[in-house]
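Here are a few exercises to work through with the model open beside you. Try each one yourself before you read its solution.

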Amino acid sequence: MSIAKLQPFLAPSYENFPKGRTIGIVVLRTTQSETIFRTEGTGESMCSEYVQAGIEDTESIPRLVMTKRKQVAPERRKGREFLRSHNLLYTAPKTDAICALNTNAPCEMCVDCFLYGFAAGGEGAQKSRVWTEDAFSVLHSTELIADRTINAIFETGTMRDEKGNASTALNTSEYIKPGVHFLDIVTLKDVTADELRYTLGNILLTSRYGAVSSRVGRMDNQILGVFGGIAELPSSLELVQGVYDKLKAKNTALEHPLKTASLVDATQEIIGTWTNKRGISMQLSPAECDALIADVDRHWSLPEQETFLKRLDESYAPWRKVKSEGGGKKGKGKKSEE
């Protein structure tokens, strides 16, 4: 099984201190609808950066950027939906309210807090063991962006109300086209097998990203590679640049819409050489990747989901902090060495 093959790079149980075990995941994120990545409400243009086109092609081009926060926040919320449904979110010690994101009051005891980290809660902090970085589009950003005029008509079906006053709800909005590809690297540090299943499940189950995600922002996530080692994989930018060079060498039309199959083939060729890099020990084969994803799907399925999440939740029991009778907090089980 693929999980067994990854065992040397997985922690047998949660530990406070890192021990150099790294799982690297290559993710292809493809927009399936209009999508918006920017700081909402500021009037700024779409997130983009001027970077080198390829490793060999040294021309500078603007690429769209899916920032790390735009990735991890929706995925955390997806996981927390299921934790909430199984009553696996705990009361925050600062507020006596159920653990919630962006409240400066984490519970410090749930799966999300232990895996994705928390800060400024209670007496300490937990560093995230899910490391993300900015994902870049493969193509030039000007190929991938369009404008749409937005209006809001009255119930009369026109832009004027009953008194003849014109509607002011007229605006032009920039958006990312459907079919845009972002290549991304996700690094997991010292995670257990169940934590790996939880993180992959969050990535594969999350389908909406960016601003106005209740109406736009559909995205499909595909796992293209899983690696084990003692070091991080090359960066998302280095991957995109290598793929760009590979597509150009094959005379692939570098224009939107870019064929997904051609992109996947080029990506597999690039990442197929990564086990030669320092600190990267092994890569799962395509069949082993499929087996891993099937394993993740089985654990997240309705018949097994509750058992899986409760087992993961119970794995942190020796490390949780509980309120003492005097109102303070005391450690439970093992204590930190620092």
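Contact here means heavy atoms within 4.5 Å. Keep in mind that this is a predicted model.

**Exercise 1. Get your bearings: how many helices and strands are there, and what share of the residues counts as buried?**

Step 1. Start with the secondary structure: the protein has eight helices and 14 strands.

Step 2. Turn to burial. The protein has 338 residues, and 46% of them count as buried.

Step 3. Look at the surface, where about 16800 Å² is exposed, with carbon and sulfur atoms supplying 49% of that area.

Step 4. Finish with the contacts. Among those with a separation of 6 or more, 70% are between residues 24 or more positions apart.

**Exercise 2. Explore the largest nonpolar core: which members touch the most others, and which elements supply at least two residues each?**

Step 1. This core has 45 residues, and the ones touching the most other members are Leu6, Ile23, Ile25, Leu196 and Tyr198.

Step 2. Now see where the core residues come from. Helices H2, H3, H4, H7 and H8 (302-314) each give at least two, and so do strands E1 (22-31), E10 (181-189) and E11 (219-229).

Step 3. Zoom in on Tyr198. Leaving out residues up to four places away in sequence, Tyr198 touches Gly79, Arg80, Leu83, Val111, Leu115, Tyr116, Trp300, Phe308, Leu309 and Leu312.

Step 4. Don't stop there: apart from the largest core lies another one of 39 residues, including Leu28, Phe227, Leu263 and Trp274.

**Exercise 3. Trace the salt bridges: which residues pair with Asp57, Arg80 and Arg197?**

Step 1. The structure holds 20 salt bridges, so we'll pick three, using the cut-off of a side-chain nitrogen within 4 Å of a carboxyl oxygen.

Step 2. Asp57 pairs with Lys248, with the closest N and O atoms 2.6 Å apart. Asp57 sits in the loop between strands E2 (48-52) and E3 (60-66), while Lys248 belongs to helix H5 (residues 236-249), 191 residues apart. Asp57 is buried because its relative accessible area is 11%, under the 20% cut-off. Lys248 counts as partly exposed at 42%.

Step 3. Arg80, one of the residues Tyr198 touches, forms a salt bridge with Asp112, the closest N and O atoms being 3.1 Å apart. This pair joins helix H2 (residues 68-85) to helix H3 (residues 111-116), across 32 residues. Both Arg80 and Asp112 are buried.

Step 4. Arg197 bridges to Asp295, with 2.5 Å between the closest N and O atoms. Arg197 is in helix H4 (residues 193-205) and Asp295 is in helix H7 (residues 286-300), so the bridge ties together parts 98 residues apart in sequence. Both of these residues are buried too.

Step 5. Follow that last pair outward: Arg197 and Asp295 belong to a salt-bridge network with Asp194, Arg298, Glu304 and Arg311.

**Exercise 4. Check the cysteines: how many disulfides are there, and why is Cys107 in none?**

Step 1. A search of the whole structure turns up zero disulfides.

Step 2. For Cys107, the nearest cysteine sulfur belongs to Cys99 and is 3.6 Å away. A disulfide needs sulfur atoms within 2.5 Å, so this pair doesn't count. Cys107 is buried, at 2% relative accessibility.

Step 3. Repeat this for Cys113: the nearest cysteine sulfur is that of Cys110, 3.7 Å away, and Cys113 is in no disulfide. Cys113 counts as buried, at 2% relative accessibility.

Definitions and conventions:
Residues are numbered from 1 along each chain as its sequence is written. This is a predicted model: local features need pLDDT of at least 70, side-chain atom pairs count only at pLDDT 80 or more; totals for chains, interfaces and linings use all residues. Side-chain values use heavy atoms; hydrogens and water are left out. Helices (H or I, at least four residues) and strands (E, at least two) are DSSP runs, numbered from the N terminus. Buried means under 20% relative accessible area, exposed over 50%, partly exposed in between (1.4 Å probe, protein chains only). Accessible areas come from the Shrake-Rupley method with a 1.4 Å probe; for residues, only the protein chains shown count as cover. A nonpolar core is a set of buried Ala, Val, Leu, Ile, Met, Phe, Trp, Tyr and Cys residues joined through side-chain atoms within 4.5 Å.
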